[in-house]
Amino acid sequence: MAFGRWIGRAIGISLDVRNKELIPEKNAVFLVNHQSILDMVIVANLIPDRCIILTKRSLLWTLPGFALAVYLCGHRMINRKKKERDIKSLRRAVEEMVSKNICLLVYPEGQRKIGPTLQPFKRAAFHMAVQSKFPIVPIVVSSYNFVMNYSSCSKIGNTFIVHVLPIIETKDKTEDDVPNLCSQTYEIMNETFENMTAAIEKELEEFE
């Protein structure tokens with residue numbers, strides 16, 4: 001994560017982090033919406049260095065340089081086309097999280113997209129949170145559209161808004177709770193994302 005922070009400073013990324021005090025000192029499963037390869041650079045300023053990232057193995061072919069760097073840094077890659085191997089990879093990651101006392105970062109949407117709403121969440125992260133008994137920390141990053149668009153960026157600047165949501169405990173959860181846990185987390189993260197988008201759009205209207 002230290003490398004991500006260095007990249008962020010080098011390219012001049014500015015963050016407006018809200019509720020940063022909600023980030024726990026203890027280990028956790030961090031969930032972040034997925035829009036771009038920049039996601040890792042942005043959240044690097046928030047999560048601990050002792051953290052593994054769960055990514056899909058197909059990145060080895062679509063983004064080979066990035067995927068290789070992720071793999072060599074000790075992060076975990078899952079193969080969604082081979083469920084049995086996928087399950088084994090997740091179990092090993094959970095064992096490592098608990099035995100080595102490290103955090104987990106997951107992009108629950110599973111693929112990058114910049115749109116008006118978040119994509120449906122995959123359940124892998126929630127299974128891992130329940131199995132490890134680590135709390136879930138939802139983090140929502142504002143739409144990249146406003147920073148990547150020259151017109152809006154010239155009005156409100158190049159600052160990404162990052163909203164840390166209240167911790168979701170998993171100590172009393174079981175595998176049976178995963179579907180509801182996934183849907184409830186999606187709802188609060190998607191609502192936050194939509195509210196952030198609406199607020200920025202309203203701010204832009206004031207310039208017109």
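Let us start at H163, which sits in strand β7, a run covering residues 159–164. Keep in mind along the way that the model is predicted. Setting aside residues up to four places away in sequence, H163 touches R18, N19, P138, I139, V140, T192 and M196. With one of these, N19, the histidine shares a polar contact: their side chains are joined at 3.1 Å. Another of the partners, M196, stands 33 residues away along the chain, yet the C-alpha atoms of H163 and M196 are separated by 8.8 Å.

A second histidine makes a good next stop. H34 is found in the loop that runs between β2 and α2 (39–43). Is H34 buried or exposed? Its relative accessibility is 12%, so H34 counts as buried, since the limit for that word is under 20%. Around H34, beyond the neighbours within four places in sequence, the contacts are D39, Y107, E109, Q111, R112 and K113.

Now let us look at the aromatic rings. A pair of aromatic rings is described by the distance of the centres and the angle of the planes. The structure holds 2 aromatic pairs. In one of them, F121 and F126 are stacked, with 6.4 Å from centre to centre and 25° between the planes. F121 has a relative accessible area of 10% and is therefore buried, while F126, at 0% relative accessibility, also counts as buried. F121 takes part in an edge-to-face pair as well, with Y186 as the partner: here the centres are 5.0 Å apart and the planes stand at 85°. This pair links distant parts of the chain, for F121 belongs to the loop between β5 (103–106) and α6 (124–132), whereas Y186 belongs to helix α9 (residues 178–205), 65 residues apart. Y186 has a relative accessibility of 21% and so counts as partly exposed. Taken together, the ring pairs link F121, F126 and Y186 into a cluster.

From F126 we can step into the interior. In soluble globular proteins, nonpolar side chains tend to be buried together. Here the largest nonpolar core has 31 residues, and L31, L104, F126 and M128 are those with the most contacts inside it. Which elements give two or more residues to this core? They are β2 (29–32), β3 (51–56), α5 (83–100), β5, α6, β6 (136–141) and α9. The largest share, 7 residues, comes from α9. Apart from this core lies another, of 21 residues, among them M40, V137, I139 and V164. I139 is a name we have met already, as one of the residues that H163 touches.

M128 deserves a look of its own. Leaving aside neighbours within four places in sequence, M128 is in contact with L54, L90, A93, V94, M97 and L104. The backbone oxygen of M128 also has a polar partner, lying 2.8 Å from a polar atom of the side chain of S132.

That brings us to our last stop. S132 lies in helix α6, and with a relative accessible area of 9% this serine is buried. Besides meeting the backbone of M128, the side chain of S132 reaches the backbone nitrogen of F134 at 3.2 Å. Not counting residues up to four places away in sequence, S132 touches V94, M97 and V98. V94 and M97 are also among the contacts of M128.

Definitions and conventions: Residues are numbered from 1 along each chain as its sequence is written. This is a predicted model: local features need pLDDT of at least 70, side-chain atom pairs count only at pLDDT 80 or more; totals for chains, interfaces and linings use all residues. Side-chain values use heavy atoms; hydrogens and water are left out. Rings of Phe, Tyr and Trp (its six-membered ring) pair if their centres lie within 6.5 Å; planes under 30 degrees apart count as stacked, over 60 as edge-to-face and the rest as tilted. Buried means under 20% relative accessible area, exposed over 50%, partly exposed in between (1.4 Å probe, protein chains only). Helices (H or I, at least four residues) and strands (E, at least two) are DSSP runs, numbered from the N terminus. A nonpolar core is a set of buried Ala, Val, Leu, Ile, Met, Phe, Trp, Tyr and Cys residues joined through side-chain atoms within 4.5 Å. Contact means heavy atoms within 4.5 Å. A polar contact is a pair of N or O atoms within 3.5 Å; within protein, one must be able to donate a hydrogen and the other to accept it, and residues adjacent in sequence count only if both atoms are side-chain atoms.
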